Amino acid sequence: MIDRQQGPRPRPHLDTLPAHRPGRPDYAGSFVLSANENPYPPLPGVLETALAAAGGANRYPDMATGGLTAELARHFGVPGGHVVTGPGSVGVAQSLVLAMAGEGDEVVFAWRSFEAYPVLTRIGGAVPVPVPLTADGAHDLDAMLAAVTDRTRVVFVCNPNNPTGAALRRDELVRFLDAVPAQVLVVLDEAYLEFARDAEVPDGIDLYRDRPQVCVLRTFSKAYGLAGLRVGFAIAHEPVATALRKTAVPFGVSQLAQDAAVASLCAEDALLERVESLVGERARVTAALRAQGWTVAGSQANFVWLPLGGPSVDFAAACAEAGVLVRAFAGEGVRVSIGEARGNDAFLAAAEVFRKQI
């Protein structure tokens, strides 16, 4: 007999996933330094391009993202067939897991790193294998290599790492890539690479060129300031790129986002100027925090990391009371995005007050 009271049953392993929660509470008037957004508006000419594209919102976008794909291929000097776009780099990352790993397969990543990695892995039915960071917040590549088994299908390397800002250097990353079995896909997630100023931090696209097992993820959400439009991309060899297209959400990147991304790529001079401004603010904020007595590691991203441990949540709450939203990781630390100077100053003032109270 059919039990009419028993409704549809989601996959049981979804019970292990955290429910989605907004990245920021609704604090009107606060400085939002919790989401690693670019504080600047879209680059010159981008808004006008997006508005023009919005006039065709009654039509489906180019599912193949032909114009954007061609511009990315030209910009980075790679074959067009190696470029795959998606709704933010996280959307492309989900397609990667679905394409490369299934039930019982393993996905290795550093932890703490980008919060989506374990979630995307479980959504795909695979097994997440987190590997603790080193004491200074960097990827422990030796430990990650030791975690690779015959069931490993994907390894995520976030460089620079979110949320600690630490970045791997070319020699150590090359040694790691040379040691990982050829059948394992290594995904270099470079959402923040534009902000790196250590000359030894490699460009993953250079490493991908002669390594079929390497896939590079990039996004327009951070340096390019298009977080709200959701557009990212992967650069990968065949057959990975082909598999990615098969698992991608059809029409996943709107025409507005495609056209805005192309216009952003054409505004390189303005992009570099804005990135340099944020890098300068990062240095100023880091120096000021150290002068207050905080331990702050050098960051290669558009945020700084305070390894506060226990007081992390209290620190974030105190900042919120002062009108500044930061991102706390309970028991571990606080990530603070670099914003406009006024917001950074408000954060520094709140940090100084809190420092005097502990």
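**A guided tour of the predicted model**

Begin by selecting Arg211, which sits in the loop connecting helix 7 (204–208) with strand 7 (214–219). The structure on screen is a predicted model. Is Arg211 buried or exposed? Its relative accessible area is 17%, and because buried means under 20%, Arg211 counts as buried. Display its surroundings next: leaving aside residues up to four places away in sequence, Arg211 is in contact with Val174, Leu177, Asp178 and His237.

Move now to Ala182, in the loop between helix 6 (170–179) and strand 6 (185–189). This residue has a relative accessibility of 65% and is therefore classed as exposed, the threshold for that class being over 50%. For a sense of distance, select Leu17 as well: Ala182 and Leu17 are separated by 165 residues in sequence, and their C-alpha atoms by 30 Å in space.

The next stop is the interior. Select Phe176, Phe220, Leu289, Phe315 and Phe347; these are the residues with the most contacts inside the largest nonpolar core, which comprises 79 residues. Which helix gives the most to this core? Helix 10 (residues 268–292) does, contributing six residues. Colouring the two domains separately is useful here: domain 1 (12–41 + 268–356) and domain 2 (46–266) each supply residues to the core, so the core lies between them. Apart from this core there is another, of 24 residues, including Ala101, Phe156, Cys215 and Val240.

Return to Phe315 and show its contacts. With residues up to four places away in sequence not counted, Phe315 touches Trp294, Leu306, Leu308, Val334, Phe347, Ala351 and Phe354.

Then display the open sheet of three strands, whose order is 9-12-11 and whose pairing is antiparallel. Why is one side of strand 9 (303–306) and of strand 11 (327–329) left without a neighbour in the sheet? Both strands stand at the edges and have a single partner strand each, so one side of each remains unpaired within the sheet. On average, neighbouring strands of this sheet are turned by 20 degrees against each other, direction ignored. Strand 11 and strand 12 (residues 333–337) run antiparallel and are joined by three bridges. To inspect this pairing, select Phe329 together with Gly333 of strand 12, which stands opposite it.

Finally, select residues 32–338, the span that the unreviewed UniProt entry annotates as "domain: Aminotransferase class I/classII large". The C-alpha atoms at the two ends of this span lie 10 Å apart, and the span is 38% helix and 18% strand.

Note on methods. Residues numbered from 1 in each chain as written. Predicted model: local features only at pLDDT ≥ 70, side-chain atom pairs only at ≥ 80, totals over all residues. Heavy atoms only, no water. Core = buried A, V, L, I, M, F, W, Y, C linked by side-chain atoms within 4.5 Å. Buried < 20%, exposed > 50% of the residue type's maximum accessible area, 1.4 Å probe, protein only. Helix = DSSP H or I, 4+ residues; strand = E, 2+ residues; numbered from the N terminus. Domains from an automatic or database assignment. Contact = heavy atoms within 4.5 Å. Pairing = 2+ DSSP bridges. Axes fitted to C-alpha atoms, helices over the stretch in contact; angles between N-to-C directions. UniProt positions renumbered as here; feature names shortened; annotations may be inferred.
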